[in-house]
Amino acid sequence: MKKLLSVFFVLTVVSCMLYVCIPSVCAAESDSYYYYNVKVTTKIEGDIPSEAFIFYYSLHGVNQSNHHIPLDACGIDGNSSNTFGVSFQAGVTEQTNVLTYRSENPVIGARFLQEGFSSTAFTAEEGQYYLEFPEQTQQPGIENAMNIEQMCLIEGFEVGGKPILSELRIPSFTVKHNAPPMFFGVEDGGEYFTTHKVRVQDADLVSVMLDDEPVEFENGEALITIPGDTNKRYTITAKDAAQTTCQLTVTMHELSELMALVSEINEKNVKAEQEIAILATLGKVETVIEQEPDASAEEKASLDTMKKKLEILLSRIDEATVYKNSENVEKTEGITADNVKLEDKEILEKASSDLKKALEEYGGNYSDSEKEELQKELTRISDALKAIEEMATQSPETGDNYNITMWLTLIMLSGAAIVTFTRKIA
């Protein structure tokens, strides 16, 4: 038992030591870096950006032997980060940030470069900046990071690589933002049916082309009318003073394409199974009416005609369905020539009228199977009505099923018997 307690005690002590020591080792390893805070200002000239973007920077350290030392980006303004990018929000034209880098060895200087942008609308002059660090005496660790703010900034290099010292100042980059020409009214790659008006805008607009034809513009704006119902593709090309070229391509379909699914359908042959295609086409037509407000008067009239035709087809399907499944026919369900009654005559006549109208006026709106079923129903009802007619010729008193010939024969025999009896009396 004592041995077990001893083993347990030893394991506990070892576990505690590992718990304490391992993080200390990791912390020591983490603190073995030299940290550098670089304060940099970025300014934007030209057009005010309307979208968010990112500037990318890099820092290459130089040791006393003039050898490059990799510096890792590890934060922006005190926040941990694995990127060299500094984010700008739309409308912001100047920003100062502190970029934190680290190195396993101390450096005496660094080349600070701006590497690129997240938007092609920015341009910057080529150049690299050399920051000369003072003698470093602080201990490694992020809490002792060297702040590179008012350092000697050296722009470029003389022949032979000797740096040129300049005044003490914060590293600053100035870039120009040139917003590309913008299009309004249509989307690039869009497909439309009716006439559209497109606006092209750019403060430094120098040329606008519709396909191969130049377009006039004034005060940095051009208005282009693209005709609809043409089955053609159009390309608008705009160029600004910075030689930034933007293109937009749209396709204008013929209006008749909207009715492709129902082109063979008319009021006389439309059927219930075509309702889905009609509804889909109606949805397309209504979308064009709502989303293409620049349509010409002729195009609007054509769209209105299409919409009315589709609504008539849907109404025709509804009407045919009403007569096919009429309430009068439903009430005669189960009535046949074998069980019909005299009081069924009125409803049977109404049902017969509905079925005849369905077959005569809406015959083309039913499938073959539907017409066959309607004909069977009409035959059933007709047979029941014939049976009622036969009942009407029978005696209303007895209600039996003897025919009229037998009744006449009985009357004649009765008359003969009366005459014979009279003669005997005389």
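# Reading the charged residues

Author: Asp-304 and Lys-308 share helix α3, set four residues apart, which is about one turn of the helix. The model is a predicted one, where local features need pLDDT of at least 70 and side-chain atom pairs count only at pLDDT 80 or more, while totals for chains, interfaces and linings use all residues. Residues are numbered from 1 along each chain as its sequence is written, and side-chain values use heavy atoms, with hydrogens and water left out.

Reader: What makes a stretch of chain a helix or a strand?

Author: Both are DSSP runs, numbered from the N terminus: H or I over at least four residues for a helix, E over at least two for a strand. The protein chain holds seven helices and 22 strands.

Reader: Why is the pair Asp-304 and Lys-308 called a salt bridge?

Author: The rule asks for a side-chain nitrogen of Lys or Arg within 4 Å of a carboxyl oxygen of Asp or Glu. Asp-304 and Lys-308 come to 3.4 Å, N to O, so they meet the rule. Side chains of opposite charge can pair when their charged atoms come close.

Reader: How many salt bridges are counted by this rule?

Author: Five. One of them joins Lys-350 and Glu-346, whose closest N and O atoms are 3.6 Å apart. Lys-350 and Glu-346 both belong to helix α5 (residues 345–361), four residues apart, about one turn of the helix.

Reader: How do you know that Glu-221 and Arg-199 form a salt bridge?

Author: Their closest N and O atoms are 3.9 Å apart, and that is within the limit, so the pair counts. Glu-221 is in strand β20 and Arg-199 in strand β17 (residues 196–201), so defined by DSSP; they are 22 residues apart, and the pair links distant parts of the chain.

Reader: Why is Asp-304 called partly exposed?

Author: Buried means under 20% relative accessible area, exposed means over 50%, and partly exposed is in between (1.4 Å probe, protein chains only). Asp-304 has 37%, so it falls in between. Lys-308, at 48%, does so too.

Reader: What makes Glu-346 exposed, and where does Lys-350 fall?

Author: Glu-346 has a relative accessible area of 53%, which is over the upper limit, so it is exposed. Lys-350 stands at 40% and therefore counts as partly exposed. Glu-221 is partly exposed at 32%. Arg-199 is partly exposed at 32% as well.

Reader: How much of the protein chain is buried?

Author: Buried residues make up 34% of the 426 residues.

Reader: Glu-299 is charged; what is known about its salt bridges?

Author: Glu-299 lies in helix α3 (residues 297–324). It is buried yet has no salt bridge. Lys and Arg count as positive, Asp and Glu as negative, and His and the chain ends are not counted. The nearest side chain of opposite charge, Lys-300, is 8.4 Å away, so the salt-bridge rule is not met.

Reader: What does Glu-299 touch?

Author: Contact means heavy atoms within 4.5 Å. Leaving out residues up to four places away in sequence, Glu-299 touches Phe-193, Thr-194, Thr-195, Gly-228, Asp-229 and Leu-255.

Reader: What makes Glu-191, Asp-229, Glu-254 and Glu-257 a patch?

Author: A patch takes residues with over 30% relative accessible area and no salt bridge; like charges are joined within 9 Å, and nonpolar side chains (Val, Leu, Ile, Met, Phe, Trp, Tyr) within 5 Å. The place of a charge is taken as NZ of Lys, CZ of Arg, CG of Asp or CD of Glu. These four residues gather in a patch of negative charge on the surface. Asp-229 has 36% relative accessible area, so it passes the area limit. Asp-229 is in the loop between β20 (221–226) and β21 (232–240).

Reader: What else is found in the loop between β20 and β21?

Author: Asn-231 is placed there. Its phi is positive, about 55 degrees, although Asn-231 is not a glycine. At 48% relative accessibility, Asn-231 is partly exposed.

Reader: What makes the phi of Asp-211 worth a look?

Author: It is a positive value, near 55 degrees, in a residue other than glycine. Asp-211 is in the loop between β18 (205–210) and β19 (213–214). With 32% relative accessibility, Asp-211 counts as partly exposed.

How values were computed
Accessible areas come from the Shrake-Rupley method with a 1.4 Å probe; for residues, only the protein chains shown count as cover.
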